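Here's a quick look at a fold and its charged pairs. Have a scroll through the model first, then read on.

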Amino acid sequence: MSERLDMTVTRVVHNALRRELGNVARAITVHRAGLRRALRAAPGWWMFQSALHVHQAAEDEALWPPLRRALAGRPFDLTRLEAIEAEHAALVFLVGAVDDGLTGVAAGPDLLAELADCLVTGLDKHLDHEEEAVLPLVQAVLSQEQWELFGRAHARWIEPCAARLLPWLLDGADERTAASVLDQLLPKDAHPTYAHRWRPAYEALDLWGTGDTVVT
C-alpha cells in the first residue's frame, strides 16, 4: 500500500543504521581486547554514530514536537511517543559513553565492549519500535507541510557532513531510491559532485579495517 507521506529518506537512514549494526557487532567480537583502537581508526564508526546523531537531532527538532501537538487528547498514543523519546535519550547516552571510552582509559575493554553491545541491541529494537508504533501515527496525523519541514531539517542537519554521509547512507540502495534521497537532501547542482567525487572517495575507504563490509 502506498504511503501518504514519502518516508524514503527515513527508511534509507534506518536501513543504513541496521546495515552497520553487523559491522559494529563483529568489531566487538573480533577486536574485543583492542576495541578502543579498532573503533577509533574505523571510518565506519564515525559515519554510524554521525548518521544516528543527525537523524535523531532532526527528529527531536522537527518531528516529535508537531507530532506531540497533533496527538493532544490521545494519551495512549502520546505514551508511545514518550517511549520513543526515552529510547532516543538512552541511545544518545550509550553513543556518548562509547565515544568517551574511545578517548580515555577509564573504560576497560570489557566495559567498552558491553556498552557497544548495548548500543547494537538497543538501536536494533528502537528502529523496529519506531517503525511499528510511531511512523504509522506520523502517516495518520501529520500534514504534508509538517512532513516537508522535517525533511528540510534533516537536510540541514546532514549538510555539514553530506560529502561523507550521503554515500554511506546510499550504500546498497537501488538507483530509484538513491535518486529520491539525493533530490530531497542535496541541491541538484551538487549531484555531479556526489557521483564523481563523494561516491568514489567513499568506495575507496576501508570502513571497518577489514577490507570488506558486512551487509545484513
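Is D171 buried, partly exposed or exposed? With a relative accessible area of 28%, D171 is partly exposed. Keep in mind that this is a predicted model.

D171 has a partner: R199 forms a salt bridge with D171, with the closest N and O atoms 3.9 Å apart. That pair ties together distant parts of the chain, since R199 sits in helix α10 (residues 191-203) and D171 in the loop between α8 (162-169) and α9 (175-185), 28 residues apart. R199 itself is buried, at 17% relative accessible area.

Here are three of the salt bridges side by side.

| Pair | Closest N to O distance |
|---|---|
| E61 and R156 | 2.2 Å |
| D77 and R74 | 2.8 Å |
| R199 and D171 | 3.9 Å |

The E61 and R156 pair also links distant parts of the chain: E61 is in helix α3 (residues 43-62) and R156 in helix α7 (residues 144-158), 95 residues apart. E61 is partly exposed at 39% relative accessibility, and R156 is partly exposed at 43%. For the other pair, D77 is buried at 9%, while R74 is partly exposed at 34%.

In total there are 11 salt bridges. R18, D128 and E131 are joined into one network by bridges that share partners. As for overall charge, the mean positions of the 21 positive and 31 negative charges lie 2 Å apart.

Zooming out, the protein has 10 helices and 0 strands. Its radius of gyration is 18 Å, close to the 17 Å from the globule rule for 216 residues, so it is as compact as a globular protein of that length. Buried residues make up 46% of the 216.

Technical notes
Residues are numbered from 1 along each chain as its sequence is written. This is a predicted model: local features need pLDDT of at least 70, side-chain atom pairs count only at pLDDT 80 or more; totals for chains, interfaces and linings use all residues. Side-chain values use heavy atoms; hydrogens and water are left out. Helices (H or I, at least four residues) and strands (E, at least two) are DSSP runs, numbered from the N terminus. The radius of gyration is taken over C-alpha atoms; the globule rule is 2.2 Å times the number of residues to the power 0.38. Buried means under 20% relative accessible area, exposed over 50%, partly exposed in between (1.4 Å probe, protein chains only). Lys and Arg count as positive and Asp and Glu as negative; His and the chain ends are not counted. The place of a charge is taken as NZ of Lys, CZ of Arg, CG of Asp or CD of Glu. A salt bridge is a side-chain nitrogen of Lys or Arg within 4 Å of a carboxyl oxygen of Asp or Glu.
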